[in-house]
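Hello,

Here is the structure I promised to pass on to you. Please have a look at it first, and then read on for what turned up in it.

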Amino acid sequence: MKMKAKLIPFIVALLTVALIASFTLPNCVLTKESPREPPYYREYDFTRIAEEVSLQELIEYMAEHGATLYLPTQLPDGLEITAVYLKRGPFVAVIVWDSHGNKDPATAELVMQVSPGEPPSLERLKELYYRKNEYVLEINGWPVAIKMDVPVMNLRSREKRGETAPVIYVWIDGIRYSIGGDPKLLTLGQIEELVQSMRPATIQ
């Protein structure tokens, strides 16, 4: 049992890296088709290993495991939740917002990944995020790390979002929220407002 307990955080970390890579990096498996520029890759798709659920189901699932889901309450006009995906073991969820009904995390206007994660200290974050267009903030007492120009290597994401896009990490009560999407909707000021507006999710 001790070995299993030690492995769970490691497995969650690996899955988190894979999921984020699905939004920004190709899966590095070339098809047998003739070479193209850029290369054609078979891309990782989280929706194939996760179950589409309602927001209520996700809130209840997290509550059963002693966690609270936080969601932004101030969003760009027109954005609505179009899909919620849940992988139960190890726990990872993805919430998708879009103004045109798009449910695809790779191309929707706003995407949030939810997974277990204890926050590093602000001092440690400042050691990790020190380059140009990288920011470390404290908002509502939560540590926040922002990378404004992460290269977008996923081909479908790049067609929709361009060569680079912001990625935001927020740690709240043992949960890490990884947020990405359309760069036009995620300026630095908009990001700060979005994170500041995060509150425990409720069903209306």
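A good place to start is E51, whose bridge partner in β3 is L86. Please keep in mind that this is a predicted model. The two strands involved are β1 (residues 51–53) and β3 (residues 80–88), which run antiparallel and are joined by 3 bridges. If you follow L86 on to β4, you will find A93 as its bridge partner there. Strand β4 covers residues 91–98 and pairs with β3 over 8 bridges, again in the antiparallel sense. Between β3 and β4 there is a hairpin of 2 residues.

Stepping back, the protein chain has 5 helices and 10 strands. It is 204 residues in length, and 46% of them count as buried. Among contacts with a separation of 6 or more, 57% are between residues 24 or more positions apart. The accessible surface is about 11400 Å², with 54% of it belonging to carbon and sulfur atoms.

Now to the inside. The largest nonpolar core has 37 residues, and those touching the most other members are L58, L69, V114, I168, V170, Y177 and V195. Helix α2 (residues 55–64) gives this core its largest share, 5 residues. What does V195 touch, leaving aside residues up to four places away in sequence? The list is I139, N140, W142, V144, I168 and V170. There is also a second, separate core of 9 residues, with A83, Y85, V92 and V96 among them.

Enjoy exploring, and write back with any questions.

Best wishes

Note on methods
Residues are numbered from 1 along each chain as its sequence is written. This is a predicted model: local features need pLDDT of at least 70, side-chain atom pairs count only at pLDDT 80 or more; totals for chains, interfaces and linings use all residues. Side-chain values use heavy atoms; hydrogens and water are left out. A nonpolar core is a set of buried Ala, Val, Leu, Ile, Met, Phe, Trp, Tyr and Cys residues joined through side-chain atoms within 4.5 Å. Buried means under 20% relative accessible area, exposed over 50%, partly exposed in between (1.4 Å probe, protein chains only). Helices (H or I, at least four residues) and strands (E, at least two) are DSSP runs, numbered from the N terminus. Contact means heavy atoms within 4.5 Å. Accessible areas come from the Shrake-Rupley method with a 1.4 Å probe; for residues, only the protein chains shown count as cover. Two strands pair if DSSP finds at least two bridges between them.
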